[in-house]
Amino acid sequence: MAKKRRPKSIVKSKPKMTARPQAVFPDYYPKFRCIGSECEDSCCIAGWKIPIDRVTWLRYQACQHETLAPLLRSHVILGKENSPQSEQTYAYIKMQADLRCPFLQPDMLCMIQKELGSEALSDTCATYPRFHNLFGAQHEYSLGISCPEAARQVLLHPEPIGLIMAAPDADLGARDFINFRVPQIGISDPDQISIMNDLRSLMLYILQFRELTLGARMMLLGNLLDEVDRVISDPGFKNIAEIFPVLSSFTTLFAEPSFIETQFEQIPIDLPRKLLAITAFLAEFLHHADPRFAECLNAGVNGLVGNEASRLGVGADLLARYHNAYDSYYLPYFRDKGYILENYLVNDVFSQLFPFIHGSFLDLYRKMVFNLSIIQVFMVGMAGHYQGLTDMRVVQLIQSFARRTAHDSSYLGKLTEAVASKEAPSFAEVMWMLKER
Ligand code: SF4
């Protein structure tokens with residue numbers, strides 16, 4: 001019988017005995033540097049509504065710089081009454097009609113940073129694309145993949161992403177700016193937080209368990225969340241320690257990967273339904289896509305249905321094209337690059353404190369399955385169009401998709417409507433979307 005393996009702690013290297021505070025971050029994190037004027041998809045031309053924190057807004061109001069002061073007063077606008085205003089979202093930068101930040105100079109560098117130094121940047125501008133989260137008392141840092149350079153560091157990382165513990169990021173620590181925190185409300189007992197961290201360790205272990213296909217790992221993750229959700233939704237639930245038996249039962253499964261893979265194989269495949277569900281709203285994406293994302297979308301559409309976006313959703317020879325692109329171009333590339341989608345999921349779980357914020361376990365799991373399925377289908381289409389894939393194209397798709405969907409998740413509601421049951425929603429009912437071929 002195979003030897004039992006158990007998930008290790010979420011952190012690979014244990015903290016050194018030191019009085020200095022420690023933080024947890026993925027091993028890719030220290031390598032990130034903004035590439036500024038070299039960036040192919042600068043965050044300063046994304047057209048985002050950039051929030052400005054109250055301290056920075058007050059500083060900008062008091063600015064006496066001859067050129068900058070009038071610009072700061074005219075382009076940094078107080079939050080509207082009908083939009084939520086807080087210390088962190090006190091005001092915002094009004095973008096130009098061409099979606100560029102008004103402070104971006106022709107050399108693609110920031111005028112505020114150049115004239116006043118990086119300490120004059122708002123929390124949002126100074127920290128993007130980094131996340132600074134608080135899980136209990138534990139400070140955590142990570143990167144968001146809507147930035148192309150961050151996406152390269154995160155995705156093109158052949159070894160499983162490791163978590164390390166070291167001194168906090170001096171830049172972010174100095175700002176005391178937290179993106180997400182757990183608990184937002186409710187559990188604050190360190191012992192209970194520690195058990196929630198055990199659940200995170202197990203989820204990451206599952207996603208990085210390379211003896212299974214990625215689809216089987218995602219199925220296992222859904223089964224785990226389903227069972228944990230049952231425990232904590234029970235009217236008699238009192239303490240998070242009640243999930244221990246669930247965690248223990250899952251750790252025994254790693255000894256028999258073939259058993260899990262067989263379970264995954266038993267999930268019925270329905271590629272026509274998957275392709276129709278995903279391509280049905282591609283046209284909507286096309287209407288609001290920046291050029292970088294539109295390039296991927298057009299290639300994906302072309303690879304799946306030919307060069308007429310208007311034919312989306314009607315089937316045609318969609319399935320035959322998908323199969324051909326999958327077998328001839330997608331699979332040969334991903335045979336050795338399976339780590340890219342694994343890293344995408346691992347980064348999402350860690351940086352978004354999955355599944356403890358932003359929604360229910362079920363909604364968050366569905367979102368993860370849908371996003372993975374959309375990326376995978378697009379990628380097959382792109383592979384067909386270009387007759388192959390490259391790291392550059394794959395990063396372009398995942399990064400520009402992350403950027404397009406960062407502030408608009410309306411497509412998730414449409415997908416849920418199309419594939420999920422209203423009467424008895426469950427984790428299992430979306431797992432067929434994980435089947436690729
Ligand atoms: S998107 Fe990333 S690399 Fe590009 S300018 Fe912004 S932070 Fe720098």
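## The five-stranded sheet

Strand 1 (residues 23-26) is joined by four bridges to strand 7, and the two run antiparallel. Within this pair, Pro-26 stands opposite Leu-163 of strand 7. The model described here is a predicted one.

Strand 1 and strand 7 belong to an open sheet of five strands in the order 7-1-6-5-8. The pairing in this sheet is mixed. Strand 7 (163-166) and strand 8 are its edge strands, each pairing on one side only. In general, the strands of a sheet pair through backbone hydrogen bonds, in either a parallel or an antiparallel way.

## Strand 5 and its two partners

Strand 5 covers residues 130-135, and five of its six residues are buried. In the sheet order 7-1-6-5-8, strand 5 stands between strand 6 and strand 8.

With strand 6 (residues 138-143), strand 5 pairs in the antiparallel sense over six bridges. Arg-130 has Leu-143 of strand 6 opposite it. The two strands form a hairpin with two residues between them, where Gly-136 takes a positive phi near 65°. With strand 8 (residues 181-182), strand 5 runs parallel, and two bridges join them. Here Phe-135 has Val-182 of strand 8 as its bridge partner.

## His-132 and its surroundings

His-132 is a residue of strand 5. Is His-132 buried or exposed? His-132 counts as buried because it has 24 C-beta neighbours inside 10 Å, and the cut-off for a buried residue is 20 or more.

Neighbours within four places in sequence aside, the contacts of His-132 are Thr-127, His-139, Tyr-141, Leu-172, Phe-177, Ile-178 and Asn-179. Of these, His-139 and Tyr-141 fall within the residue range of strand 6. The C-alpha atom of His-132 is also separated by 8.4 Å from that of Gly-173, although the two residues are 41 apart along the chain.

## The three-stranded sheet

A further open sheet has three strands in the order 2-4-3, with antiparallel pairing. Strand 2 (50-52) and strand 3 (76-78) stand at the edges with a single partner strand each, so one side of each has no neighbour in the sheet. From one strand to the next, the twist averages 35°.

Three bridges link strand 2 with strand 4 (residues 91-93) in the antiparallel sense. In this pair, Ile-52 stands opposite Ala-91 of strand 4.

## Domains

The domain assignment of the protein gives three ranges: domain 1 (36-126), domain 2 (190-264) and domain 3 (271-434). The centres of domain 1 and domain 2, taken over C-alpha atoms, are separated by 43 Å.

## Helix 16 and helix 8

Two packed helices are described by the angle between their axes and by the distance between those axes. The axes of helix 8 (residues 214-233) and helix 16 (residues 361-386) come within 10 Å and cross at roughly 170°. Helix 8 is therefore roughly antiparallel to helix 16, as angles over 145 degrees count as such.

On the side of helix 8, Met-218, Gly-222, Leu-225 and Asp-229 take part; they meet Phe-361, Leu-362, Tyr-365, Val-369 and Leu-372 of helix 16. By class, this contact of helix 8 with helix 16 has seven nonpolar residues, one polar and one charged.

## Helix 16 with helices 13 and 14

The axes of helix 13 (residues 291-305) and helix 16 come within 6 Å, crossing at roughly 75°. This crossing angle makes helix 13 roughly perpendicular to helix 16. Helix 13 contributes Cys-296, Ala-299, Gly-300, Val-301, Asn-302, Gly-303 and Leu-304, while helix 16 contributes Phe-378, Gly-381, Met-382, Ala-383, Gly-384, His-385 and Tyr-386. The contact of helix 13 with helix 16 has eight nonpolar and six polar residues, and no charged ones.

Helix 14 (residues 318-334) packs with helix 16 at an angle of about 90°, and their axes are 8 Å apart. Helix 14 is thus roughly perpendicular to helix 16. The residues of helix 14 in this contact are Arg-321, Tyr-322, Asn-324, Ala-325, Tyr-326, Tyr-329, Tyr-330 and Tyr-333, which meet Met-379, Val-380, Gly-381, Ala-383 and Gly-384 in helix 16. By class, the contact of helix 14 with helix 16 has nine nonpolar, three polar and one charged residues. Gly-381, Ala-383 and Gly-384 of helix 16 are listed in the contact with helix 13 and in the contact with helix 14.

Methods: Residues numbered from 1 in each chain as written. Predicted model: local features only at pLDDT ≥ 70, side-chain atom pairs only at ≥ 80, totals over all residues. Buried ≥ 20, exposed ≤ 12 C-beta atoms within 10 Å, placed from the backbone. Pairing = 2+ DSSP bridges. Axes fitted to C-alpha atoms, helices over the stretch in contact; angles between N-to-C directions. Parallel < 35°, antiparallel > 145°, perpendicular 65-115°, else oblique. Contact = placed C-beta atoms within 7 Å. Nonpolar A, V, L, I, M, F, W, Y, C, P; charged D, E, K, R; others polar. Domains from an automatic or database assignment.
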